[in-house]
Amino acid sequence: MVRFRVRELAEAQGMNISELHRRINLTTPTARIGRSTIVRLWHNQDANPRMDSLTAIARALGVEPGDLITSEPRLGNSNPAMLVAAQA
């Protein structure tokens, strides 16, 4: 499962969503990234962001685009009741 680290990396630099949006506009003025795109990535609600959006966000954070993405192992069954039953 892919997870975006936008929030984690921004907060490590003391930024909130508004500050990140402002910094994107300063570092990549030609990028047309709306606040809603940043919010979706901040909360991991955008499964298919555009590469130019990730590039602009990465530039604003001073990281490589690949640093924004991490993968997490997917549990075989995310149903808590099934996990408890399997452990019994």
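1. Glu8 is partly exposed, with a relative accessible area of 38%, and in this predicted model the residue takes part in a salt bridge with Arg3, where the closest N and O atoms are 3.5 Å apart. Arg3 is also partly exposed, its relative accessible area being 25%. Side chains of opposite charge can pair when their charged atoms come close.

2. Glu8 has a further partner, Arg5, and in that salt bridge the closest N and O atoms are 2.9 Å apart. Through salt bridges that share partners, Arg3, Arg5 and Glu8 are joined into one network. Another salt bridge links Arg50 with Asp52, with 2.7 Å between the closest N and O atoms, and Asp52 is partly exposed at a relative accessible area of 43%. A search of the whole structure finds six salt bridges, so a student who follows the ones named here is looking at part of that set.

3. Turning to the overall fold, the protein chain has five helices and two strands, and when it is read along the sequence these elements follow the pattern β-α-α-α-α-β-α. Of the contacts in the protein chain with a separation of 6 or more, 61% are accounted for by residues 24 or more positions apart.

4. The balance between inside and outside can be stated for the whole protein chain: 30% of its 88 residues count as buried. The accessible surface comes to about 5,800 Å², and carbon and sulfur atoms hold 52% of that area.

5. The largest nonpolar core contains 20 residues, and the members that touch the most other members are Val6, Leu20, Ile24, Ile33, Ile57, Leu61 and Leu68. The elements giving two or more residues to this core are α1, α2, α3 and α4, and among the contributors α4 gives the most, with six residues.

6. Val6 is a useful residue to select in the viewer when exploring this core. If residues up to four places away in sequence are not counted, Val6 touches Leu20, Leu41, Trp42, Ile57, Leu61 and Leu68. Of these partners, Leu20, Ile57, Leu61 and Leu68 are also listed with Val6 among the core residues that touch the most other members, while Leu41 and Trp42 are buried residues of helix α3.

7. Helix α3 covers residues 35-42, and within this helix Thr37, Ile38, Leu41 and Trp42 are buried. These four lie on the same side of α3, because they cover an arc of only 135° around the axis. What do the buried residues of α3 pack against? They pack against β1 (2-4), α1 (6-12), α2 (17-27) and α4 (51-61). After α3 comes Asn44, a residue whose phi is positive, near 55°.

8. Ser53 offers a view of the packing from another helix, since its place is in α4. Is this serine buried or exposed? Ser53 is buried, with a relative accessible area of 6%, a value that falls under the 20% limit used for that word. Leaving aside neighbours within four places in sequence, Ser53 is in contact with Ile33 and Thr37. Thr37 is one of the buried residues of α3, and Ile33 is one of the core residues that touch the most other members.

Terms used. Residues numbered from 1 in each chain as written. Predicted model: local features only at pLDDT ≥ 70, side-chain atom pairs only at ≥ 80, totals over all residues. Heavy atoms only, no water. Buried < 20%, exposed > 50% of the residue type's maximum accessible area, 1.4 Å probe, protein only. Arc of directions from axis to C-beta. Contact = heavy atoms within 4.5 Å. Areas by Shrake-Rupley, 256 points an atom, 1.4 Å probe, with all protein chains shown as cover. Core = buried A, V, L, I, M, F, W, Y, C linked by side-chain atoms within 4.5 Å. Salt bridge = Lys/Arg side-chain N within 4 Å of Asp/Glu carboxyl O.
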